[in-house]
Amino acid sequence: MEIIAKGKKIVIRSISIEDASTFTKWWNDGVVMESVGFPEGLGITEDKVREDFQKEIRERERGFPEHRRFVILDRWTEQPVGEISFGKMDYKKRSCRIGLKIGEPSEQGKGLGKDALRLFMDYLYERYGLWSIQLDALADNRRAITLYQNMGFEIIEEISDYWTDPEGKSRNVVFLEHRREPEGLVERLQKRCSVRDFAKEGIAEEVIEEILEAGRLAPSGGNEQPWKFALIKNRKLMKSIVETAYNQVWMLDAAFLVVLITTIVSDERGGRDIQIARYPDLERRIEKMDLHFYGRINQEEHQTKIPGTQMVLAALEYGVGSTWVSYFKVEEVKNLLGLSAWEIPSEILAFGYPQKPMKSKAKKPMESILIRFD
Ligand SMILES: Cc1cc2nc3c(=O)[nH]c(=O)nc-3n(C[C@H](O)[C@H](O)[C@H](O)COP(=O)(O)O)c2cc1C
């Protein structure tokens, strides 16, 4: 069970199947559920809750679930006191909706909810690179609304008769939003490090697409784009690739790998001219080389570093960590991916959510690397 936050009063961890009975008790308790509009409780069975929890836990590991619940524990007794959750992420707007409930009536009014909310928001902003967090409350739940406002939420809308409760009563709902200034790129880079310890959590397809898109847009000599990208999520293939990377087993926990493949800059597009410009003293010899020999040595492998870097930066924006891997058996990866003689795997990138917050390594001071000509 993943602990995502520890505060002075509470701890927040992912749900487990064993939590189903506690949640069923809370959700069926009219006193607890009154504030969210169910004064008779939900009337749900433990089997149904167990089934939902099983599904959520499975999805969390395989891909990205639509909804994730966490348990709030008393820091000292380690007993469950409440629940906190987030709903479907809006990756375009970088926001999500959250929900909070202290399920044990005896634990209400002790500031546990506030503590949990603050920690949970920090976690979400950091983990998923969010810009805003939303929540809602019944308009007559003034206590909750005041708490949210004190924590920096602003009311964005109040909708009358938004919802009809099980008793047939029409209820007004208040929608609130909390915003945090997005971090700048350099600020993020100041914290970046290679991540080799990945959380057991999939990455949403939309985020993967954004990461790949950042690579596709990379600059290249003559806009030749001498590359292909292999996206690897298949666990069996991942395992084989890790074996070719001299068994760097940490790669197995990555959510996915991208193999950056260099394709040859052809004669027609002036590939030979690029090499001549680089080695003018070898001009005659380069011109004379037969295409096959020339092709094999004219690997613009350095060029794939650019889409790779752009992918790493886009990943950072979404809180996704990565590590470059160039220590692998090139021919073996080439065979595994069924590539042609003109396509050479040049780097592998491993991506995943970091298990712990990133902390950058020491870098050389600017004065030792910068040569200025003002
Ligand atoms: C081109 C390149 C190849 C790398 N290959 C590997 C590798 O095979 N295995 C690995 O664990 N790390 C690899 N790394 C990660 C480096 O070890 C890491 O970037 C370096 O130690 C600096 O740490 P930082 O990224 O946390 O700042 C590679 C990095 C680069 C840029």
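## A tour that starts at serine 35

Select serine 35 first and show what lies around it: leaving aside its neighbours within four places in sequence, serine 35 is in contact with Leu138, Asn141 and Ala144, where contact means that the C-beta atoms of two residues, placed from the backbone, lie within 7 Å. To find these residues in your viewer, note that numbering starts from 1 along each chain as its sequence is written. The model is predicted, and for that reason local features need pLDDT of at least 70 and side-chain atom pairs count only at pLDDT 80 or more, while totals for chains, interfaces and linings use all residues.

Stay with serine 35 for a moment, and colour the loop between α2 (30-33) and α3, which is where this residue sits; helices (H or I, at least four residues) and strands (E, at least two) are DSSP runs, numbered from the N terminus. Draw a distance from serine 35 to asparagine 141, and you should find 6.3 Å between their C-alpha atoms, although 106 residues separate them along the chain. Serine 35 is partly exposed, because 17 other C-beta atoms lie within 10 Å; a residue is called buried if 20 or more other C-beta atoms lie within 10 Å of its own, exposed if 12 or fewer, and partly exposed in between, with C-beta atoms placed from the backbone.

**Zoom out to the chain**

Now show the whole chain as a cartoon, in which there are 14 helices and 12 strands. The radius of gyration, taken over C-alpha atoms, is 26 Å, well over the 21 Å that the globule rule gives for 374 residues, so the chain is more spread out than a compact globule; the rule itself is 2.2 Å times the number of residues to the power 0.38. Along the principal axes, the C-alpha atoms fill a box of roughly 90 × 50 × 40 Å, and 28% of the 374 residues count as buried.

**Colour the two domains**

Give one colour to domain 1 (3-179) and another to domain 2 (187-264 + 299-352), bounds that come from an automatic or database domain assignment. Their centres, taken over C-alpha atoms, are separated by 36 Å. Where the domains touch, 11 residues come from domain 1 and 10 residues from domain 2. On the domain 1 side, look at α3 (46-62) and α4 (112-128), each of which supplies at least two of the residues that touch domain 2. That side of domain 1 has 4 nonpolar, 2 polar and 5 charged residues, where Ala, Val, Leu, Ile, Met, Phe, Trp, Tyr, Cys and Pro count as nonpolar, Asp, Glu, Lys and Arg as charged, and the others, Gly among them, as polar.

**Look into the cores**

Which residues touch the most other members of the largest nonpolar core? Select Ile72, Ala116, Leu257, Leu349 and Phe351, which do so in a core of 57 residues; a nonpolar core is a set of buried Ala, Val, Leu, Ile, Met, Phe, Trp, Tyr and Cys residues joined through C-beta atoms within 7 Å. Helix α4 gives the largest share of this core, 8 residues, and at least three residues come from each of domain 1 and domain 2. Apart from this core lies another, of 8 residues, including Ala144, Phe153, Val174 and Leu176.

**Visit the ligand**

Show the ligand next, and select the residues surrounding it, which are Cys193, Ser194, Gln248, Thr323, Trp324, Val325, Ser326, Tyr327 and Lys361; a residue is near the molecule if its C-beta atom, placed from the backbone, lies within 6 Å of it. This shell divides into 4 nonpolar, 4 polar and 1 charged.

**Four last stops**

Arginine 188, in helix α6 (residues 185-191), is partly exposed, with 16 other C-beta atoms within 10 Å. Beyond residues up to four places away in sequence, arginine 188 touches Glu183 and Leu316.

Move on to aspartate 161 in strand β7 (residues 154-164), whose phi is near 50°, a positive value in a residue other than glycine. Most residues other than glycine have a negative phi.

Tyrosine 246, in the loop between α8 (235-244) and β10 (256-263), also has a phi near 50°, and tyrosine 246 is exposed, with 10 other C-beta atoms within 10 Å.

End at glutamate 367 in helix α14 (residues 366-369), which is exposed because 7 other C-beta atoms lie within 10 Å. From the C-alpha atom of glutamate 367 to that of aspartate 52 is 57 Å, and the two are 315 residues apart in sequence.
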